[in-house]
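Good morning, and thank you for making time on the agenda. I would ask you to look at the structure on the screen while I speak.

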Amino acid sequence: MTRADANDVPRPDARLHFGVFFQGVNHWTIWSDPSSGSQIDPASFLRVARTAERGLFDAFFLGDGLRLRESEGGIHELDVAGRPDSITQLSALAAATERIGLVATSNTTFNEPGDLARRLAGLDLLSGGRAGWNVVTTHNAWTGENFRRGGFLDHADRYRRAEEFLSVARAVWNGWAEGAVAASAGARTWSVPGAVGRVRSRTDHFDVDLAPTLPRSAQGHPVIFQAGDSGEGRDFAARNADVIFSAHGTDFDDALAFAEDVRGRLRAAGRPEDALRILPGTEIVIGATEKEAEEKARWVRLEQVTPAVALGIASRLWGFDLSGRDADGPLPAEDPVVAEYDGKFGTRQLGETLDTVAEWRAKADANGWSLRETVIELGPQRGHVGTPAGLAEKFARFARYGAVDGFNISPYLVPDGLDDVVDLLVPELQERGVYRTAYTGTTLREHLGLAPAV
């Protein structure tokens with residue numbers, strides 16, 4: 001029996017919130033199967049967004065990157081972008097959708113707050129108050145090479161800059177008072193004198209002096225999303241965010257522990273426990289029976305972890321290029337190369353590398369696994385597999401015990417991979433009273449049940 005099972009249901013009236021995460025090309029989205037459509041055609045974005053809106057999702061979430069990922073100076077060819085800037089893309093979707101929120105990933109390390117705040121405010125106004133901003137920082141030097149100052153910031157400095165950045169952005173969004181525009185054509189000036197406040201901020205990272213050019217939107221200003229999982233990232237979210245993403249959404253006890261940790265940080269920051277929505281990222285595989293779902297999940301995993309993907313994941317773990325090896329052969333006999341992080345290897349995982357390699361070798365030997373089979377079994381894992389009814393019961397428990405407020409779903413196929421969730425899972429959730437049956441508001445903030453923006 002888990003901790004939660006020993007207590008009465010703490011949130012019997014909880015409702016799940018769903019977002020859809022259009023990531024771009026990487027190994028989680030299957031691009032190499034004939035059933036997969038274009039990853040970059042604007043029609044794919046529109047198809048996914050409209051399917052999510054039909055399923056009454058809170059938000060369409062667009063990942064973004066300022067530069068193609070690299071590994072030791074070479075382009076990471078397994079995940080190439082090929083799409084417009086996220087705010088540009090979402091502005092186009094704003095005209096083609098009616099209710100669904102539109103969340104842009106935008107970087108605080110290499111943008112400037114006055115400019116980015118204005119562009120996000122533009123998306124918020126164009127969409128009628130449906131914009132969100134996923135606040136991210138960048139840890140790699142190869143992205144910095146796109147910009148004049150280059151380099152990368154230390155972990156703690158990234159969050160200090162992000163917090164200063166967000167403070168300036170909020171000042172820009174709040175710069176226009178209510179009734180800033182003259183109410184009468186006979187007024188002496190178009191704007192009411194003093195109604196547009198000047199934003200001045202001099203910090204360690206910024207020196208800003210500007211007059212905001214846009215009024216507040218129907219929801220006040222964009223909803224703030226954040227995805228950092230470190231202690232600094234969780235504290236940043238507790239102080240500043242409206243929604244936190246996480247990798248803690250598969251195992252119930254792990255999800256509940258994460259949620260309790262975040263709520264403790266909210267209390268420490270002087271915010272109510274319900275001020276932040278917790279939406280772990282996940283993948284959902286649905287079958288008519290449990291056996292069918294498991295078989296489909298196995299197919300998904302095989303398609304995701306191609307030989308090239310398996311070698312790429314192993315290369316990041318071992319710390320050197322394995323692309324010339326046989327993915328269906330044994331694990332590398334060489335010891336991994338563990339060096340101080342210099343910002344050049346992209347998302348290479350360090351820290352517990354030696355222990356991880358030892359575990360992989362022991363389990364591969366015991367089971368007779370090849371390198372690819374080892375990555376499939378022990379590499380990055382996430383998601384939920386089951387029947388619509390079984391998943392609905394599972395997700396209702398997650399929500400009613402406070403382990404999550406919902407999920408940010410990554411379809412494993414684009415553009416049709418969300419259909420099963422909308423057509424099969426959503427009705428089961430609605431039947432259990434844990435999912436909305438209609439939109440009751442027009443803004444993203446209303447969808448999420450958040451307090452008014454301040």
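Let me begin with asparagine 408. Neighbours within four places in sequence aside, asparagine 408 is in contact with Gly19, Val20, Phe21, Phe61, Phe245, Leu279, Pro280, Gly281 and Thr282. Please bear in mind that what you see is a predicted model. Asparagine 408 has its place in strand E14, and with a relative accessible area of 4% it is buried. Buried here means under 20% relative accessible area, so a value of 4% falls in that class.

The rest of the strand follows. Gly406 and Asn408 point one way from E14, whereas Phe407 and Ile409 point the other way, and all of them are buried.

Which strands pair with E14? Strand E1, residues 17-22, pairs with E14 in the parallel sense over 4 bridges. Strand E11 and E14 also pair in the parallel sense, over 2 bridges. Asparagine 408 takes part in both pairings: glycine 19 stands opposite asparagine 408, and so does glycine 281.

Strand E11 deserves a closer look. Threonine 282 is found in E11, which covers residues 277-282. Is threonine 282 buried or exposed? Threonine 282 is buried, its relative accessible area being 0%. Apart from neighbours within four places in sequence, the contacts of threonine 282 are Gly383, His384, Phe407, Asn408, Ile409 and Ser410. Phe407, Asn408 and Ile409 in that list are also among the buried residues of E14.

Following the chain beyond E14, one comes to a loop between strand E14 (406-409) and helix H13 (419-431), and proline 415 lies in that loop. A cis peptide bond joins valine 414 and proline 415, with omega at about 5°.

I now turn to another part of the chain, and to helix H2, residues 86-96. Its buried residues are Ser86, Ile87, Gln89, Leu90, Leu93 and Ala94. Why do these residues line one face of the helix? Seen down the axis of H2, they fall within an arc of 155°, and therefore they line one face. What covers them includes helix H1 (42-54), strand E2 (59-62), strand E5 (101-107) and helix H3 (113-126). At the start of H2, a side-chain oxygen of aspartate 85 reaches to within 3.1 Å of the backbone nitrogen of isoleucine 87.

Between H1 and E2 there is a loop, and leucine 56 lies in it. The phi angle of leucine 56 is near 60°, a positive value in a residue other than glycine. Leucine 56 counts as buried, at 11% relative accessibility.

One of the elements covering H2 was strand E5, and alanine 104 lies in that strand. Alanine 104 counts as buried, with a relative accessibility of 0%. Which residues does alanine 104 contact, leaving aside its neighbours within four places in sequence? They are Leu62, Ser86, Ile87, Leu90, Leu120, Gly132, Trp133 and Asn134. Of these, Ser86, Ile87 and Leu90 appear among the buried residues of H2. As for distance across the model, alanine 104 and alanine 308 are 204 residues apart in sequence and 30 Å apart in space, C-alpha to C-alpha.

Strand E5 also leads to strand E6. The two run parallel and are joined by 6 bridges. Together, E5, H3 and E6 make a right-handed β-α-β unit. Strand E6, residues 131-136, is mostly covered, with 5 of its 6 residues buried. Serine 106 stands opposite valine 135 in E6. E6 pairs in addition with strand E9, residues 223-226, in the parallel sense over 4 bridges. There, the bridge partner of valine 135 is glutamine 226.

To finish, let me step back to the whole chain. How many helices and strands does the protein chain hold? There are 14 helices and 14 strands. Of its 454 residues, 52% count as buried. Among contacts with a separation of 6 or more, 76% are accounted for by residues 24 or more positions apart. The C-alpha trace spans about 85 × 55 × 45 Å along its principal axes. For 454 residues, a compact globule would have a radius of gyration near 22 Å, and the 23 Å of the protein chain agrees with this.

Thank you for your attention.

Methods
Residues are numbered from 1 along each chain as its sequence is written. This is a predicted model: local features need pLDDT of at least 70, side-chain atom pairs count only at pLDDT 80 or more; totals for chains, interfaces and linings use all residues. Side-chain values use heavy atoms; hydrogens and water are left out. Buried means under 20% relative accessible area, exposed over 50%, partly exposed in between (1.4 Å probe, protein chains only). Contact means heavy atoms within 4.5 Å. The arc is that of the directions from the helix axis to the C-beta atoms. A polar contact is a pair of N or O atoms within 3.5 Å; within protein, one must be able to donate a hydrogen and the other to accept it, and residues adjacent in sequence count only if both atoms are side-chain atoms. Two strands pair if DSSP finds at least two bridges between them. A crossover is right-handed if, with the strands pointing away from the viewer, the path from the first strand over the helix to the second runs clockwise. The radius of gyration is taken over C-alpha atoms; the globule rule is 2.2 Å times the number of residues to the power 0.38.
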